[in-house]
Amino acid sequence: MNVTPTERIARILVGSAGVVGGVLVAAGGASVWVVVLAAFLILAGLDLVVTGATGHCPLYQRLGHVPASLKGGMR
C-alpha cells in the first residue's frame with residue numbers, strides 16, 4: 001500500500017465525480033470530440049477510483065514514492 005487513507009478517500013470521491021461527469025457529458029453527445037474527451041474523463045475517473053479502492057498507485061511505485069506516514073509500516 002502506497003496511498004494514505006486520506007488520499008484514498010479523495011481519489012475515490014474525485015474519481016467518482018469524474019466518472020459521473022463524463023457519463024453526463026457523453027450522454028449529451030454534442031460531437032465526436034466531446035464524446036472522446038468524455039471517455040478520457042471516465043477512464044481517468046475509473047483509474048482514481050481503482051487506485052483509491054486498492055490503496056496502491058503504480059505511478060507512485062514506479063517513482064519510488066512512499067508517503068512519510070506509511071514509511072514506518074512498510075518493510
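How many residues does helix α1 have, and how far does helix α1 reach from its first C-alpha to its last? In this predicted model, helix α1 comprises residues 5-28, a run of 24 residues. The distance from the first C-alpha of α1 to the last is 35 Å, close to the 34 Å expected at 1.5 Å a residue. After α1 comes G29, a residue with a positive phi, near 45°.

Helix α2 covers residues 32-54. The end C-alpha atoms of α2 are 33 Å apart, which agrees with the 33 Å that its 23 residues should span at 1.5 Å a residue. As with α1, a glycine of positive phi follows: α2 is succeeded by G55, with phi near 80°. A further helix, α3, is formed by residues 58-63.

The buried positions of the two longer-described helices were examined next. In α1, the buried residues are R11, G15, G18, V19 and G22. The elements covering them include α2 and α3. In α2, the buried residues are A38, I42, G45, T51 and G52, and their cover includes α1 and α3. Thus α2 is among the elements that cover the buried residues of α1, and α1 is among those that cover the buried residues of α2.

One charged residue of α1 merits separate description. R11 lies in helix α1 and has a relative accessible area of 10%; it is therefore classed as buried, the limit being under 20%. Side chains of opposite charge can pair when their charged atoms come close. The side chain of R11 forms a salt bridge with that of E7, with an N to O distance of 2.9 Å. The structure holds one salt bridge. Both partners, E7 and R11, belong to helix α1 and are four residues apart, about one turn of the helix. An α-helix has 3.6 residues a turn, so residues three or four places apart point the same way.

R11 also takes part in a polar contact with T51, in which the two side chains are joined at 2.8 Å. Beyond residues up to four places away in sequence, R11 touches V3, L48, V49, T51, G52, C57 and Y60. Of these contacts, T51 is placed in helix α2. With a relative accessibility of 4%, T51 counts as buried. A polar atom of the T51 side chain lies 3.2 Å from the backbone oxygen of L48. When residues up to four places away in sequence are not counted, T51 touches R11, H56, C57 and P58. C57 accordingly appears among the residues touched by R11 and among those touched by T51.

The exposed positions of α1 include T6 and I9. T6 is placed in helix α1 and counts as exposed, at 64% relative accessibility. T6 and A26 are 20 residues apart in sequence, and their C-alpha atoms are 30 Å apart in space. I9 likewise lies in helix α1, where a relative accessibility of 53% places it in the exposed class. The C-alpha atoms of I9 and L41 are separated by 19 Å, the two residues being 32 residues apart along the chain.

In helix α2, A53 shows an intermediate accessibility of 47% and counts as partly exposed. Leaving aside neighbours within four places in sequence, A53 is in contact with R8 and I12. A53 and V3 are 50 residues apart in sequence, yet their C-alpha atoms are 9.9 Å apart in space.

A nonpolar patch occurs on the surface. V32, W33, V36, L37, F40, L43 and L46 make up this patch, which has an area of about 790 Å². One of its members, L43, is found in helix α2. L43 has a relative accessible area of 55% and is therefore exposed, the limit being over 50%. Helix α2 thus carries the exposed L43 as well as the buried residues A38, I42, G45, T51 and G52.

Technical notes:
Residues numbered from 1 in each chain as written. Predicted model: local features only at pLDDT ≥ 70, side-chain atom pairs only at ≥ 80, totals over all residues. Heavy atoms only, no water. Helix = DSSP H or I, 4+ residues; strand = E, 2+ residues; numbered from the N terminus. Expected span 1.5 Å × (residues − 1). Buried < 20%, exposed > 50% of the residue type's maximum accessible area, 1.4 Å probe, protein only. Contact = heavy atoms within 4.5 Å. Salt bridge = Lys/Arg side-chain N within 4 Å of Asp/Glu carboxyl O. Patch = residues over 30% accessible without salt bridge, like charges linked within 9 Å, V, L, I, M, F, W, Y side chains within 5 Å. Areas by Shrake-Rupley, 256 points an atom, 1.4 Å probe, with all protein chains shown as cover. Polar contact = N/O pair within 3.5 Å; in protein donor to acceptor, adjacent residues only side chain to side chain.
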